[in-house]
Amino acid sequence: MSLFSPFPVLHTPRLVLRKLVDNDKEAVFKIRSNSVVNKFIDRKIPSDISDVEDFIKLIDELVLKNEGIYWIIENNNEVIGSIGLRHFNDNLSYAEIGYELHPDAHGKGFMSEALKEVLQFGFSSLNLNEIEAYTHKHNKGSINLLKRFNFKLRPNKKDNDFENNVIFGLLKNEQ
Ligand SMILES: CC(C)(COP(=O)(O)OP(=O)(O)OC[C@H]1O[C@@H](n2cnc3c(N)ncnc32)[C@H](O)[C@@H]1OP(=O)(O)O)[C@@H](O)C(=O)NCCC(=O)NCCS
């Protein structure tokens, strides 16, 4: 069974959250290679467009296999970032969330607007019970965003891959 077909396009007052397509590669490259965006993210930074083409294939597969969902965030027809859910557990009650905005779009409430809609999608449409976020302990923008939505620090949980990460969680009935 395909969870994400047709692809769930989401709308907010200022944003459209839609499927990633090949045409997005330049915009995605700009975001994923930006040093401000990557400051607190431990990942391979794309060095050219072909790295982004590989990334788009990876996301396509992830979505096709029901292993995750990834939305491009658009404001006024301009790609400003992305948000996604992945690492579902077997009974689809748990997922991890990730998000990023180009620095030109920071400080305008765009991610709060996108996150609100994605939480609603996760808890209502997918019927998840818990959503977690792994974030660098000094990533103030990300931590403030999570706290705004009542995510709670999970002090006993550790990210074994990245020791500087802290883990926040939100239960469906804690929103
Ligand atoms: C994490 C990240 C998306 C947060 O971005 P952000 O712009 O701070 O978050 P929002 O879009 O929700 O905007 C909230 C800010 O806009 C302000 N704002 C302005 N207009 C607003 C509006 N209409 N509605 C809500 N907030 C508004 C808020 O006051 C807040 O500013 P403050 O943090 O100075 O108080 C961003 O820092 C980012 O992309 N970082 C790089 C990638 C990253 O680290 N991702 C996380 C990996 S775990």
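**Around the ligand and along the chain**

Trainee: How do the residues of the shell around the ligand divide into nonpolar, polar and charged?
Mentor: Start with the classes: Ala, Val, Leu, Ile, Met, Phe, Trp, Tyr, Cys and Pro count as nonpolar, Asp, Glu, Lys and Arg as charged, and the others, Gly among them, as polar. Sorted that way, the shell around the ligand splits into 8 nonpolar, 8 polar and 4 charged residues.

Trainee: What kind of model is this, and how are its residues numbered?
Mentor: It's a predicted model, where local features need pLDDT of at least 70 and side-chain atom pairs count only at pLDDT 80 or more, while totals for chains, interfaces and linings use all residues. Side-chain values use heavy atoms, with hydrogens and water left out, and residues are numbered from 1 along each chain as its sequence is written.

Trainee: How many residues surround the ligand?
Mentor: Look for residues with a heavy atom within 4 Å of the ligand. The closest are Leu101, Gly107, Met111, Ser112 and Asn139. Counting the whole shell gives 20 residues.

Trainee: Which element gives the most to the shell around the ligand?
Mentor: Elements here are DSSP runs numbered from the N terminus: helices (H or I, at least four residues) and strands (E, at least two). Strand 5 (94-101), helix 4 (110-125), strand 6 (130-136) and helix 5 (140-148) each bring at least two residues to the shell. The top contributor, with 4 residues, is helix 5.

Trainee: Which side chain has an N or O atom 2.8 Å from an oxygen atom of the ligand?
Mentor: Go through the polar contacts, meaning pairs of N or O atoms within 3.5 Å. His106 has a side-chain N or O atom 3.2 Å from a ligand oxygen, and Gly109 offers a polar backbone atom at 3.0 Å from one. The side chain at 2.8 Å belongs to Asn139.

Trainee: How much of the ligand's exposed area does the protein bury?
Mentor: Accessible areas come from the Shrake-Rupley method with a 1.4 Å probe. Taken alone, the ligand exposes 950 Å². Of that area, the protein buries 67%.

Trainee: There are 4 aromatic pairs in the structure, so what sort is the one between Phe7 and Trp71?
Mentor: Rings of Phe, Tyr and Trp (its six-membered ring) pair if their centres lie within 6.5 Å; planes under 30 degrees apart are stacked, over 60 edge-to-face, and the rest tilted. Phe7 and Trp71 have ring centres 6.4 Å apart and planes at 70°, so this pair is edge-to-face.

Trainee: How far apart along the chain are Phe7 and Trp71?
Mentor: Phe7 sits in the segment before strand 1 (10-11), while Trp71 is in strand 3 (residues 68-75). The pair links distant parts of the chain, with a separation of 64 residues.

Trainee: Which residue is joined to Pro6 by a cis peptide bond?
Mentor: Find Pro6 in the segment before strand 1. The bond has an omega of about 0°. Its other partner is Ser5.

Trainee: Which residue in the loop between helix 5 and strand 7 (152-153) has a positive phi without being a glycine?
Mentor: Asn66 has a positive phi of about 60°, but Asn66 is in the loop between helix 3 (49-64) and strand 3. In the loop between helix 5 and strand 7, the residue with a phi of about 75° is Asn150.

Key. A polar contact is a pair of N or O atoms within 3.5 Å; within protein, one must be able to donate a hydrogen and the other to accept it, and residues adjacent in sequence count only if both atoms are side-chain atoms.
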